[in-house]
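Biologist: I'd like to learn how to read a protein model with two chains. Could you walk me through one?

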Protein chains: 2
Amino acid sequence: MSFYFDVIKTQGNARAGVLHTLHGAIETPVFAPVGTQATVKTVPPRDLEDMGARLVLANTYHLHLRPGDELVRDLGGLHRFMAWPHPVLTDSGGFQVFSLAQISRIDDDGVTFRSHIDGSLHRLTPESSMQIQENLGADIIMCFDQCANPTDRAILETSVARTNAWAVRCREAHPDDTQQALFGIVQGGIYEDLRGQSAAFLQTLDFPGYAIGGLAVGETKEQMCRTLDFTLPILPDDKPRYLMGVGEPDDLAQAILRGVDIFDCVMPTRVARHGAALTPDGRINMRNLQHARDENPVDETCDCYCCRRFTRAYIRHLLKAEEILGYYLLSVHNIRFLIKHVQAMRAAIVGGDLSEYVNAFLQRYLQLA
Amino acid sequence: MSFYFDVIKTQGNARAGVLHTLHGAIETPVFAPVGTQATVKTVPPRDLEDMGARLVLANTYHLHLRPGDELVRDLGGLHRFMAWPHPVLTDSGGFQVFSLAQISRIDDDGVTFRSHIDGSLHRLTPESSMQIQENLGADIIMCFDQCANPTDRAILETSVARTNAWAVRCREAHPDDTQQALFGIVQGGIYEDLRGQSAAFLQTLDFPGYAIGGLAVGETKEQMCRTLDFTLPILPDDKPRYLMGVGEPDDLAQAILRGVDIFDCVMPTRVARHGAALTPDGRINMRNLQHARDENPVDETCDCYCCRRFTRAYIRHLLKAEEILGYYLLSVHNIRFLIKHVQAMRAAIVGGDLSEYVNAFLQRYLQLA
C-alpha cells in the first residue's frame with residue numbers, strides 16, 4: 001500500500017495529517033503550487049524545495065497537447081521530466097477543455113475540442129484522461145469530470161449525473177491505486193442536495209481521496225463557505241479532501257477550519273506577474289510609487305529569498321523595468337507566503353489553537369480592525 | 001590603495017592576475033555578465049555567485065533614467081540595491097546615448113538625447129557621467145566616450161579627439177581612484193595610428209585601467225584580432241585591460257591570448273532568450289526538433305544547475321511553451337559556460353599551456369576539424 005492517509009490530529013473539523021505516496025510523504029494541510037506546463041512559472045524546482053513545497057500540480061490538458069503525454073512517459077514520467085522528486089498531482093483536463101479549448105462539444109461519451117495552441121482536433125474521454133494521466137505518471141490523478149457554473153442548477157444536474165457516470169468509467173479504467181491514487185470529484189455547485197448525491201455516489205466507488213470541484217469559479221465567499229459546510233461532513237473522515245483551485249489566503253483558512261487537506265492555485269504566480277505581493281496586511285501592489293524608496297522587505301515576517309535579500313524599492317524597480325527577476329522574486333514570496341500560512345495552520349491544529357490563529361490572521365489580512 | 005592589479009603569471013602576451021577592489025578581489029581574466037537594469041536578466045544574484053561570477057556590469061544610461069542614480073545612491077549604492085556583494089563595473093552611458101536614445105545631438109561639451117522610455121530630454125556630459133557613476137557607486141567606472149563606426153576613419157578622428165578631451169574632464173571630475181577606479185577608453189576603430197594616438201594620450205592621465213572601446217560592433221573577427229594585436233602592446237603592462245562588449249567564446253580566447261584581462265557581454269543572456277545554448281561544439285538552437293526526446297544535458301561537460309538537473313527535451317519543451325524557466329536555465333548555462341571557459345584559460349596561463357587549450361577549444365567550437 002504505497003498510497004495512504006493518516007490523520008494525526010484534529011481540532012474541530014480541521015485535520016493535520018500525513019499523505020503517503022510513492023514519491024514521499026506530504027504533511028497536510030498542504031498547498032500545491034501549479035506547474036501548468038510542467039513548470040511552476042518562473043520558479044526552478046530547487047527553489048520550490050527550499051520554500052517547503054512538497055506537492056506540485058501539473059495540467060493534463062496542457063501536457064497532452066505539448067509536449068505530449070507519450071513523450072513524457074517515454075522520458076520517464078513527469079517527476080523525471082520536470083526534475084521534481086516529490087509528489088505530483090495531475091488534474092483530469094476537464095476544467096481546461098471547457099475553459100480554454102477553442103471549441104468544445106460535449107456528449108455523454110466525452111468531449112471533442114480544438115487545441116488553443118494550433119486549432120488541431122482532439123477528444124478526451126474518461127478512458128483517455130486515465131491513459132494520459134497514467135502516461136504522465138503523477139502520484140495523485142483525478143477523475144474526468146464536467147465542471148459547470150456553480151449557481152446554474154439545471155446545468156449542474158446534468159453535470160453531476162455525467163461526472164458520476166464518468167467516475168465509474170475512470171474507476172474501471174484505473175482500478176489500482178498503488179502506483180497512482182485516483183481521486184473522485186464531487187460536483188453540484190452551491191446546492192446541498194446535488195453535492196449530497198454526488199458525494200454519496202462517488203463513495204460507492206471507494207476512491208482513496210475526494211476532491212471538491214466547481215468552486216472558486218465565480219460564487220461568493222459566503223456561498224463557498226456554506227458549500228464546504230455541508231459537503232465536507234458527508235465525505236469520509238479517513239480519506240484526504242482536496243479543494244480544487246482555491247488559494248486565496250482567507251479561503252485557505254476557512255477551508256482548513258472546515259476540514260480540507262489539499263489545495264492548489266495559480267494565484268500566487270499569476271498575481272506576481274501583475275506585480276502583486278501577499279502580505280499579512282493583505283495583497284499589495286508593488287508597482288505603487290509609495291514603494292519607490294522603501295528599504296523594507298516585501299513582507300518583514302517572511303523567510304523567503306525575496307524577503308531576506310531584497311528591498312521593496314528594488315522589487316518595484318524590477319517591475320517598472322519589466323525585468324523577469326521581479327516576477328520570479330514575487331512568485332517565490334507569494335508561494336512561500338501560502339506555504340508558510342498553511343504550515344502555521346497545521347502547527348496550530350497540532351497545538352490546539354487553530355481558531356486563534358485563523359481569527360488573528362483574518363483580522364489582519366482582511367483589515368477588519 | 002584599495003584598487004590595484006597584480007599580474008601573477010604570464011604566458012606569451014596572456015596574463016593571469018588579481019584585481020583588488022573595495023568589494024573584494026577578482027581573478028583575471030574575468031568575464032562579467034551584464035545587468036543592464038541592475039539585474040542580469042532572469043538570473044538572481046545568488047545564482048551568479050554559485051556560477052562563479054565575481055564582476056557584474058550595470059548600465060549608467062539605463063539606471064540614470066530608471067530608477068534614477070540619486071535613488072540608487074540614497075538606498076546605499078548599486079551593490080546594496082541589487083543585493084550583489086561583489087565588484088560592479090558601470091559603463092559611461094556613452095554607447096547607449098548613441099545606440100538607444102531616440103534623438104541624440106552631440107557637441108563638444110556632451111550629448112543631448114531623448115529617453116527611449118518616455119521621450120524626456122536629458123543631457124550627459126563627462127562631468128554628469130562621473131556624477132551619475134559616483135552615485136551608482138560601482139568599483140570600476142568608465143570615462144564618457146564617443147563610440148563610432150570602427151571603419152569610418154573621418155568620424156573616428158573626431159571621436160578620438162573628443163574622447164581624449166572628455167577623458168581629461170572625467171579625470172578632473174574624478175581624480176581619486178581609491179573608492180572607484182576610473183578607466184580610460186581607447187578609441188580609434190581598426191586604425192593603428194588612431195589607436196596609438198588615443199592610447200598614448202590617455203596614458204598621460206595615468207588611469208588605473210584601460211578599456212578598448214568600439215570593437216565587436218560590426219567589424220570582422222580578423223579586423224578585431226588585428227586591432228588587438230597593435231593596441232594591447234601600447235597599453236601599460238601593469239594595468240588591467242578591458243575589452244568592452246566582447247563575449248563570443250572564440251573572441252574571448254583570441255583576446256586573452258593577446259593580453260586582455262576583463263570582458264563583458266549581453267550575449268549569453270540575450271541568446272538564451274532566443275533559445276540558443278553555448279556548447280563546446282558551438283552554439284546550438286535548443287528549439288530544434290532533434291532535441292525533443294534527448295535525455296542528455298545541454299552540455300555534458302558543464303557543471304551548472306541547468307546541465308546537472310535537466311534534459312535537452314525538457315529545455316526544448318519550456319522554450320516551445322514560452323516558459324520563462326527555459327530562458328533562465330539557458331542563461332545560467334550560457335553564463336557558466338563563458339565563466340568556465342575563462343577560468344580554464346586562466347588555469348592554462350598559470351599551468352603554461354594556454355595555446356594548447358585555445359587551439360583545442362577553437363578546433364572544436366568552430367568545428368574546424
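Modeller: Sure, let's begin with a definition: a salt bridge here is a side-chain nitrogen of Lys or Arg within 4 Å of a carboxyl oxygen of Asp or Glu. Keep in mind that this is a predicted model.

Biologist: Okay, how many salt bridges does the rule find across the interface of chain B and chain A?

Modeller: The general idea is that side chains of opposite charge can pair when their charged atoms come close. In this model the rule gives eight salt bridges across the interface of chain B and chain A. One case is Lys41(B) with Glu323(A), whose side chains meet at 2.5 Å, N to O. Arg46(B) also forms a salt bridge, with Asp47(A), and there the closest N and O atoms are 3.2 Å apart. Arg46(B) sits in helix H1 of chain B and Asp47(A) in helix H1 (residues 45–50) of chain A, so this pair joins two chains. If you search the whole structure, over all chains, you get 48 salt bridges.

Biologist: And how many residue pairs are in polar contact across the interface of chain B and chain A?

Modeller: The rule finds 24 such residue pairs between chain B and chain A, counting those with both residues at pLDDT 80 or more. As for which elements supply the side of chain B that touches chain A, those giving two or more residues are helices H1 (45–50), H3 (69–74), H4 (78–81), H12 (305–309), H13 (312–320) and H14 (324–351) of chain B. H13(B) gives the largest share, five residues. Sorted by class, that side of chain B has 22 nonpolar, four polar and 12 charged residues.

Biologist: How many residues of each chain are in contact, and what area is buried between chain B and chain A?

Modeller: For contact, go by heavy atoms within 4.5 Å. On that basis 38 residues of chain B touch 38 residues of chain A. The area buried between the two chains is about 3,600 Å², and carbon and sulfur atoms give 55% of that.

Biologist: Why do the copies meet through the same surface?

Modeller: Check whether the residues on one side turn up again on the other. Here 100% of the interface residues of chain B are also interface residues in chain A, so the copies meet through the same surface.

Biologist: What rotation superposes chain B on chain A?

Modeller: A rotation of 180° does it, with 0.0 Å of shift along its axis and an RMSD of 0.0 Å. The two copies are thus related as by a two-fold rotation axis. In chain B, the C-alpha nearest that axis belongs to Ile324(B), at 4.0 Å.

Biologist: Now for a single chain: how many helices and strands does chain A have?

Modeller: Chain A has 15 helices and 16 strands. Along the principal axes, its C-alpha atoms fill a box of roughly 60 × 45 × 40 Å. To judge the overall packing, compare radii of gyration: with 369 residues, a compact globule would come out near 21 Å, and chain A's 20 Å agrees with that.

Biologist: Which peptide bonds are cis here?

Modeller: As a baseline, most residues other than glycine have a negative phi, and most peptide bonds are trans. In chain A, the bond from Arg66(A) to Pro67(A) is cis, with omega near 10°. Pro67(A) is in the loop between helix H2 (60–65) and helix H3 (69–74) of chain A. In chain B, the bond from Arg66(B) to Pro67(B) is cis too, with omega near 10°, and Pro67(B) lies in the loop between H2 (60–65) and H3 of chain B.

Biologist: What is phi of Thr42(A), and where is that residue?

Modeller: Phi of Thr42(A) is near 75°, a positive value in a residue other than glycine. Look for Thr42(A) in the loop between strand E4 (30–35) and H1 of chain A.

Notes
Residues numbered from 1 in each chain as written. Chains lettered and ligands numbered in written order. Predicted model: local features only at pLDDT ≥ 70, side-chain atom pairs only at ≥ 80, totals over all residues. Heavy atoms only, no water. Buried area = accessible area lost by both parts, 1.4 Å probe. Polar contact = N/O pair within 3.5 Å; in protein donor to acceptor, adjacent residues only side chain to side chain. Helix = DSSP H or I, 4+ residues; strand = E, 2+ residues; numbered from the N terminus. Nonpolar A, V, L, I, M, F, W, Y, C, P; charged D, E, K, R; others polar. Least-squares fit on C-alpha atoms with pLDDT ≥ 70 in both. Rg over C-alpha atoms; globule rule 2.2 N^0.38 Å.
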